[in-house]
Amino acid sequence: MSATGTGTGQHVVVIGAGIAGLAAAHRLLAHGARVTVLEASDRVGGKLLPGEIAGVRVDFGAESMLARRPEAVALAREVDLGDRLRPPATATASIWTRGALRPMPKGHVMGVPGTADALSGVLSDEGLARIECDADLPRTEVGEDVAVGEYVAARLGREVVDRLIEPLLGGVYAGDAYRISMRSAVPQLFQAARTHTSLTQAVREIQAKAAAGRQTGPVFMGIDGGVGSLPLAVAESVRARGGEIHTRVPVSGLRREPAGGWQVTAGEQVLRADAVVVAVPAPAAAALLAAESPGAAAELRTVEYASMALVTLAYRRTEAALPDGSGFLVPPVDGRTIKASTFASQKWGWIADQDPDTVVLRTSVGRYGETAILQKDDAELVDVSRHDLREATGLEATPLETRVTRWTDGLPQYPVGHHARVARIREHVAKLAGLAVCGAQYDGVGIPACIASAYAAVDQLRGDLSAVRELTANPVQSLHGGAGE
């Protein structure tokens with residue numbers, strides 16, 4: 001593909017219109033490809049979903065993106081959302097533990113402390129003392145990978161894992177810290193653990209390096225109108241550049257053509273493509289790749305997912321006095337139902353500005369392995385959320401409106417050995433010219449990581465297509481109509 005935007009016009013089909021698929025399409029068009037995006041559901045955006053409650057625009061999916069990685073913020077600017085980027089109005093958060101809201105300790109790496117100084121009240125006296133033992137312990141080998149919880153518990157004790165790491169990782173993966181891969185989920189900590197005996201010393205060095213090269217600006221960023229605006233803007237840009245996006249079009253088959261290129265079966269039609277990007281969750285990707293790459297499909301079938309639900313509630317401001325800050329996390333060990341709450345109107349100025357008389361907050365429920373809670377109906381999830389909010393904050397009021405958004409199998413899990421599994425998948429896929437994969441199940445579940453995954457897929461395809469330019473002589477059938485082949 002050309003880098004000019006006029007290029008060879010080689011046809012690439014992108015399967016999946018989540019942020020990864022849309023980012024891939026956007027980048028492919030910039031390199032001169034002709035692009036068709038096929039999405040099985042009735043909308044684009046995947047886990048990014050804007051909406052409205054009590055007349056206030058909010059996010060019903062992910063609400064922020066890491067700004068210290070460049071991909072998401074840069075893409076937002078490319079699709080003319082730069083003037084709508086907003087940092088959080090407050091970065092102060094709490095932990096609801098041991099019967100009270102306590103300030104989130106500072107000076108940690110994903111919950112792993114450099115010292116015990118700021119942990120009083122969150123940990124017991126025994127837990128604080130256990131941290132101090134780290135300096136005297138012999139080296140703990142991490143090998144090729146190790147579970148975050150297993151390693152940290154061995155160095156600092158289980159309380160650090162149960163009351164700090166679990167709620168923080170749970171907010172990202174909805175997972176179990178004693179299963180989550182340190183190499184994949186906290187790579188800087190994994191690398192430090194390979195070269196240090198003391199974990200607390202390693203954390204302090206990570207912090208010192210970060211301070212020395214500290215970037216200016218916020219750690220996280222939102223978008224006025226919701227992060228869910230991002231995929232909509234990318235989709236609009238894709239269409240403006242000549243790309244096609246079709247929703248309600250499930251792909252049922254993916255076959256290599258004998259002379260090169262691919263056949264993509266979508267409903268009753270078959271599209272010919274020079275290359276394909278598979279940007280769907282692991283189960284769907286496994287089904288599509290089963291015929292042409294059984295090895296990749298077998299690996300993808302082993303990817304597990306966690307389900308969760310977001311409960312969004314709107315209140316009259318005069319009836320909803322909340323503690324300061326952006327919200328709180330909840331350690332599973334405390335036995336509560338909700339795992340976190342975000343005070344959306346306090347965290348995001350753009351939400352508060354829409355209606356100063358309305359307060360919006362949300363809770364999240366569900367973790368890996370938890371199924372009973374998500375069997376409850378929407379009204380029950382609202383009730384248990386209100387109960388926990390009352391216990392944590394004293395909020396007694398009846399909400400003006402509520403909305404439950406269920407994300408079934410929404411978050412891929414990254415267990416020990418995840419990096420090796422991803423390497424095997426890519427090794428299998430690389431044997432097939434003109435095929436690439438991307439999405440949250442590979443290199444990270446955050447928005448920037450998904451976009452980076454998409455860009456890596458495009459880079460791979462550019463190399464493949466440069467070697468097979470003669471394949472573009474085949475005509476392409478559009479989903480807009482026309483007789484079959």
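Helices and strands here are DSSP runs, a helix having at least four residues and a strand at least two, and they are numbered from the N terminus. The structure in these exercises is a predicted model.

**Exercise 1. The largest cavity**

Determine how many cavities of 30 Å³ or more there are, and describe which residues line the largest cavity.

*Solution.* Begin with the count, which comes to two cavities of 30 Å³ or more. Next consider the volume: the largest cavity holds about 80 Å³ of space. Then list the lining, which is made up of Val58, Asp59, Glu63, Thr312, Ala344, Trp348, Trp350, Ile351, Val360 and Arg362. Now assign these residues to elements, and you will find that β4 (56-59), α13 (349-354) and β20 (358-365) each supply at least two residues of the lining. Finally, sort the lining of the largest cavity by class, which gives six nonpolar residues, one polar residue and three charged residues.

**Exercise 2. Glu63, a lining residue**

Decide whether Glu63 is buried or exposed, and find which side chain is joined to that of Glu63 by a polar contact.

*Solution.* Start with the position of Glu63, which lies in the loop between β4 and β5 (65-66). The relative accessible area of Glu63 is 11%, and buried means under 20%, so Glu63 counts as buried. Turning to the side chain, a polar contact of 2.9 Å joins Glu63 to Lys347. Lys347 also appears among the contacts of Glu63 beyond four places in sequence, together with Gly222, Val227, Thr342, Trp348 and Arg362. Of these contacts, Trp348 and Arg362 belong to the lining of the largest cavity, as Glu63 does.

**Exercise 3. His26 in a helix**

Work out which element holds His26, and which residue shares a side-chain polar contact with His26.

*Solution.* First locate His26 in helix α1, which covers residues 19-30. Then take the relative accessible area of His26, which is 2%, and therefore call His26 buried. The side chains of His26 and Ser237 are joined by a polar contact of 3.1 Å. To complete the surroundings, leave aside the neighbours within four places in sequence; His26 is then in contact with Leu75, Glu78, Val79, Val234, Ser237, Val238 and Arg241.

**Exercise 4. A hairpin of two strands**

Find how strands β7 and β8 run relative to each other, and what lies between them.

*Solution.* Strand β7 covers residues 94-97 and strand β8 covers residues 100-103; the two run antiparallel and are joined by four bridges. One of the residues to follow across is Ser94, whose bridge partner in β8 is Pro103. The two strands form a hairpin with two residues between them, and in the turn Arg98 has a positive phi of about 50°.

**Exercise 5. Two residues with unlike exposure**

Classify Val276 and Glu319 as buried, partly exposed or exposed, and list what each touches outside its sequence neighbourhood.

*Solution.* Val276 lies in strand β16 (residues 275-278), and its relative accessible area is 0%, so Val276 is buried. Beyond four places in sequence, the contacts of Val276 are Val12, Val13, Ile15, Leu254, Trp262, Val264, Gly434, Leu435, Ala436 and Leu461. Glu319, by contrast, is found in the loop between β17 (305-316) and β18 (327-329). With a relative accessible area of 39%, Glu319 is partly exposed. Outside its neighbours within four places, Glu319 is in contact with Leu395, Ala397 and Thr398. As a last step, compare sequence with space: Glu319 and Thr358 are 39 residues apart in sequence and 9.5 Å apart in space, C-alpha to C-alpha.

Methods
Residues are numbered from 1 along each chain as its sequence is written. This is a predicted model: local features need pLDDT of at least 70, side-chain atom pairs count only at pLDDT 80 or more; totals for chains, interfaces and linings use all residues. Side-chain values use heavy atoms; hydrogens and water are left out. Buried means under 20% relative accessible area, exposed over 50%, partly exposed in between (1.4 Å probe, protein chains only). A polar contact is a pair of N or O atoms within 3.5 Å; within protein, one must be able to donate a hydrogen and the other to accept it, and residues adjacent in sequence count only if both atoms are side-chain atoms. Contact means heavy atoms within 4.5 Å. Two strands pair if DSSP finds at least two bridges between them. On a 1 Å grid over the protein atoms alone, a cavity is a set of points where a 1.4 Å probe fits but cannot get out, and a pocket is an open set with protein on both sides within 12 Å along at least five of seven lines; lining residues have an atom within 4 Å of a point. Grid points are joined across faces, edges and corners, and a volume is the space filled by probe spheres set on the points. Ala, Val, Leu, Ile, Met, Phe, Trp, Tyr, Cys and Pro count as nonpolar, Asp, Glu, Lys and Arg as charged, and the others, Gly among them, as polar.
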